[in-house]
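Me: Got a minute to walk through a model with me? I'd like to go element by element.

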Amino acid sequence: MKIYNSATRQKEDFRPIEEGKVRMYVCGPTVYDNIHIGNARTFISFDVIRRWLIASGYEVTFAQNLTDVDDKIINRANEQGRTAEEVATEFSDKFIGVMRAANVLDPDVRPRATKEIGAMIGMIKTLIEGGHAYAADNGDVYFSVRSDSTYGEVSGRNIDDLMVGARIEENEDKRDPLDFALWKAAKPGEPSWKSPWGEGRPGWHTECAAMVHRYLGTPIDIHGGGSDLAFPHHENECAQATCAWHEGFANTWMHTGMLLVDGEKMSKSLGNFFTLAEVLEKHSAAALRLLMLQTHYRSPLDFSWERLEGAENSLARIAGTCRNLKWAADHAEGEPNAELAHALTAAMGRAASDYTACMDDDFNTAGAVAAYFQLVTEANKYLEQAAGAVDGDAARTCGAVIAGALAQLGVQLPVIEEPLPAELASLAAELVDFGGDDVDAAAEAILAARAQARAAKDWAAADAIRDRLKDLGLTIEDTSAGSRIKRA
């Protein structure tokens, strides 16, 4: 497996620090508003990366923070006449809910800045003792950028160039214009905590370094976020961690590309600004994921409603193919067609090989999606040849195997699996209505899809299957002997 390392600007063979295990951190949102689809692009991309690492056999520990104290939160609270805590709680809950709606797995660890103040104060103390930070007379504490000889390596910046080209706020309390705040002295009406330097709150760049060290240890295998975080946020994180604990911070840095809307930068002033929640009100999460994964995570992504509608149509095509494959497998008669069976087996092998090669090449989801659709094309060729029920056992075998391969690859990618439970539920409804003999087979397929979702900790998909069954007047009963579907 090769991963592009933003810090070295090249693809590198991925070798985890501990064999078979991956420790991974992705910066979460500042919770003062609903996240937009540009934010979602980053979180969906890293969800897929995480899932592929798991599918590849790694034990992944994934952490993502919530920044619940920040200038933006305080300003929003003042605008609305609320407390910063109320604003942060509202949008933290909304973020978690919309991520689940987008089929993004919950992190293993989700620390919140306001609950990690002690860890941050401890790190700041260490930096001051090591000569890498200093307390100003006004109660602020600043990191001394020039004390870190490696500063600039994450983003590829040069300190001298920064001094020439950067617009740096004048601040007489700083020893150097490049220094940044680790701790901010309290202001009237703002949330604050006690510290050795007086009442105050942490700077934005402080929290992630402290959280990574506490929950994952340093160095970690992968640190990720949007490309806009590479500088100064990730650069500043790395400087603090490197100087505090004298270790590397992250072996691999990963950054997602910008999201454009119809070729333009997303902006409220242009009227092309969309939140994730409003997009999911109009289209399925699976379609949005498919649209996003058709572009490599490092490349700019052009979003449009037309492209999203095209993704919906593609998913409908896949669902129809799977439904037709199952029908052909269940109803074929006649003599086996060994030549067709051999050709289809080869097609599945090529698709799986191409799919894996693409994902192992810096998580090239665009190539993986293409391999998946090639298998759909091969499946439709099979269906054309199976028309008239002339393929016998080959049809029965190949139909089931191809449908399984489509489902397996879709789960690994994870975008295609979402429509399948709904299709299975619809089939179950038809079979129950007709009272046919295939009800048991449909029930087994539904229970298998639910078990697969639960094994992947994809609670949203598992709940969707349960809810769809409820709509049909059915319920799932879990017993010591296994699960079964019965009438509610």
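What follows is a chat about this predicted model.

Me: Start wide. How many helices and strands are in the chain?
Reply: The chain has 16 helices and 15 strands. Of its 488 residues, 50% count as buried.

Me: And the contacts, what share joins residues at least 24 apart?
Reply: That share is 74%, taken among contacts between residues at least 6 apart in sequence.

Me: OK, helix α2 next. Which of its residues are buried?
Reply: α2 covers residues 71–80, and the buried ones are Ile73, Ile74, Arg76 and Ala77.

Me: Why do those line one face?
Reply: Looking down the axis of α2, the buried residues fall within an arc of 165°, so they line one face of the helix. The general background is that an α-helix has 3.6 residues a turn, so residues three or four places apart point the same way.

Me: What does that buried side pack against, and what's on the face turned away?
Reply: The buried residues of α2 pack against α3 (84–101) and β8 (200–202). The face turned away carries Asn78 and Glu79, which are exposed.

Me: What happens at the two ends of α2?
Reply: At the start, a side-chain oxygen of Asp70 comes to within 3.0 Å of the backbone nitrogen of Lys72. After the helix comes Gly81, with a positive phi near 70°.

Me: Now the loop leading into α2. Where does Gln64 sit, and is it buried or exposed?
Reply: Gln64 is in the loop between β4 (59–63) and α2. With a relative accessible area of 7%, Gln64 is buried, because the cut-off for buried is under 20%.

Me: What does Gln64 touch, skipping neighbours within four places in sequence?
Reply: Its contacts include Phe43, Phe95 and Arg110, and among them are also three prolines and valines by name: Pro107, Val109 and Pro111. Val26, Cys27 and Gly28 are in contact with Gln64 too.

Me: And Thr67, where is that one?
Reply: Thr67 is in the loop between β4 and α2 as well. Its relative accessibility is 1%, so Thr67 counts as buried.

Me: Which residues does Thr67 touch?
Reply: Not counting residues up to four places away in sequence, Thr67 touches Pro29, Thr30, Val31, Ile73, Ala113, Trp204 and Glu207. Ile73 is one of the buried residues of α2.

Me: Switching to strands. How covered is β9?
Reply: β9 (residues 220–226) is mostly covered, with 7 of its 7 residues buried.

Me: Which strands does β9 pair with, parallel or antiparallel?
Reply: β3 (residues 21–26) and β9 pair in the parallel sense over 3 bridges. β9 also pairs with β10 (residues 250–256), again in the parallel sense, over 6 bridges.

Me: Which residues stand opposite each other there?
Reply: Met24 stands opposite Ile222 in β9, and Gly224 stands opposite Met254 in β10.

Me: What's the order of the open sheet with 3 strands?
Reply: The order is β12-β11-β13, with mixed pairing. β12 and β13 are the edge strands, each pairing on one side only. β11 (residues 259–261) and β12 run antiparallel, joined by 2 bridges, and Val261 has Glu264 in β12 as its bridge partner.

Me: Aromatics now. How many pairs are there?
Reply: The count comes to 11 aromatic pairs. In one of them, the rings of Tyr134 and Tyr142 have centres 5.9 Å apart and planes at 35°, so the pair is tilted. Tyr134 and Tyr142 are both buried.

Me: And what about Phe274 and Phe303?
Reply: That pair is tilted too, at 6.1 Å centre to centre with 50° between the planes. The pair links distant parts of the chain, 29 residues apart: Phe274 is in the loop between β12 (264–265) and α8 (276–282), and Phe303 is in β13 (residues 301–303).

Me: Are those two buried or exposed?
Reply: Phe274 is buried, with a relative accessible area of 14%. Phe303 counts as buried at 0% relative accessibility. Ring pairs link Phe274, Phe303 and Trp305 into a cluster.

Me: Last one: which lysines sit over rings?
Reply: Lys282 lies over the face of Trp305, at 4.8 Å from the ring centre. The charged end of Lys268 sits over the ring of Phe273, 5.0 Å from its centre.

Definitions and conventions
Residues are numbered from 1 along each chain as its sequence is written. This is a predicted model: local features need pLDDT of at least 70, side-chain atom pairs count only at pLDDT 80 or more; totals for chains, interfaces and linings use all residues. Side-chain values use heavy atoms; hydrogens and water are left out. Buried means under 20% relative accessible area, exposed over 50%, partly exposed in between (1.4 Å probe, protein chains only). Helices (H or I, at least four residues) and strands (E, at least two) are DSSP runs, numbered from the N terminus. The arc is that of the directions from the helix axis to the C-beta atoms. Contact means heavy atoms within 4.5 Å. A polar contact is a pair of N or O atoms within 3.5 Å; within protein, one must be able to donate a hydrogen and the other to accept it, and residues adjacent in sequence count only if both atoms are side-chain atoms. Rings of Phe, Tyr and Trp (its six-membered ring) pair if their centres lie within 6.5 Å; planes under 30 degrees apart count as stacked, over 60 as edge-to-face and the rest as tilted. A charge sits over a ring if NZ of Lys or CZ of Arg is within 6 Å of the ring centre and within 35 degrees of the ring normal. Two strands pair if DSSP finds at least two bridges between them.
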